[in-house]
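Morning, everyone. I have one structure to walk through today. Have a look at it first, then I'll talk.

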Amino acid sequence: MNISVVDIINNLAESGRVVIDDFLGSDQTRKIFTHAQDLNREAHFTRAGVGTAHLHTVNKQVRGDSVFWIDPDSGNSAIQSYIEKMRNLIEGLNRGAFLGIKDIEMHYACYPIGAHYEKHIDQLQVNGKRVLSAVFYLNADWQPGDGGELRIYDEDGQSYEDITPQAGRLVLFLSNSVYHEVLPVNKERYSITGWMLNQYTDTTFVGITAKV
Ligand code: OGA
Ligand code: MN
């Protein structure tokens with residue numbers, strides 16, 4: 001990791017986002033990449049939808065990726081080390097910024113060639129449970145012509161930063177206010193997309209505090 005928790009918190013406070021490189025070692029990241037590709041080849045991914053659980057539609061125009069929700073008890077050791085890193089990060093964020101994050105939910109995402117995700121925010125409901133979005137990229141050797149940049153908008157909604165989805169990179173941003181999009185990809189693009197939650201879920205991922 002190239003950045004301290006204090007700097008992560010400062011970046012989030014200033015711009016609503018932060019980029020963390022080498023969040024996980026390259027060997028572990030490669031193992032996770034292979035795991036995701038295997039699951040996708042074995043047809044375990046499903047087309048992603050948009051909207052809430054009550055209003056769920058699959059719309060290729062808006063969002064072209066396929067996803068696989070990760071099981072926190074997955075026996076995959078590389079996934080377990082990723083979860084462990086997440087737990088440490090969340091503990092640091094809670095200690096340093098009183099974010100009150102209780103848990104996380106996460107899925108693999110694969111954008112096939114030509115897919116994109118239109119400009120959106122991740123938390124539409126006023127009292128939703130998503131606090132921070134955490135996208136971790138898996139493709140090694142992502143090249144400038146491969147597309148698929150994460151475009152994150154500033155508060156003014158006009159100026160933006162384009163972030164290359166390269167292996168080992170974790171991007172955190174505020175789920176309820178930061179607009180972002182995924183530009184069309186020219187190469188199959190893999191990530192783990194996660195959301196840090198201010199509520200417990202049915203399946204405890206990081207178990208920050210014991211459930212009552
Ligand atoms: C999302 C999303 C960004 C990315 O899944 O909601 O915005 O870079 N993903 O994959
Ligand atoms: Mn999003």
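I'll take the metal site, then the sheet, then the helix that goes with it.

A caution before we start: this is a predicted model.

Metal site. Which residues are the protein donors of the manganese ion, ligand 2? They are H120 through NE2, D122 through OD and H180 through NE2. They lie 2.1 Å from the manganese ion. Now the sequence. The donor residues are spaced H-x1-D-x57-H. Take D122 and H180 as a pair. This pair links distant parts of the chain, 58 residues apart. D122 sits in the loop between strand 5, 117-120, and strand 6, 130-137. H180 is in strand 10, residues 180-182.

Are these two buried or exposed? D122 has 14% relative accessibility, and the cut-off for buried is under 20%, so D122 counts as buried. H180 is at 4%, so H180 counts as buried as well.

On to the sheet. Seven strands form an open sheet. Read the order as 1-9-6-11-4-3-2, with antiparallel pairing. At the edges are strand 1, 17-20, and strand 2, 46-47. Each of these pairs on one side only.

Let me zoom in on one pairing. Strand 6 and strand 9, residues 170-174, run antiparallel and are joined by five bridges. For a specific example, V135 has V171 in strand 9 as its bridge partner.

Last, the helix. What does helix 1, residues 5-15, touch as it packs on the sheet? Helix 1 touches strand 1, strand 6 and strand 9. The direction of helix 1 makes about 145° with that of strand 1.

That's it from me.

Technical notes:
Residues are numbered from 1 along each chain as its sequence is written. Chains are lettered from A and ligands numbered from 1 in the order in which they are written. This is a predicted model: local features need pLDDT of at least 70, side-chain atom pairs count only at pLDDT 80 or more; totals for chains, interfaces and linings use all residues. Side-chain values use heavy atoms; hydrogens and water are left out. Donors are N, O and S atoms within 2.8 Å of the metal (3.2 Å for Na, K and Ca); water is not among the atoms, so sites may look incomplete. Helices (H or I, at least four residues) and strands (E, at least two) are DSSP runs, numbered from the N terminus. Buried means under 20% relative accessible area, exposed over 50%, partly exposed in between (1.4 Å probe, protein chains only). Two strands pair if DSSP finds at least two bridges between them. Contact means heavy atoms within 4.5 Å. Axes are lines fitted to C-alpha atoms, for helices over the stretch in contact, and angles run from 0 to 180 degrees between N-to-C directions.
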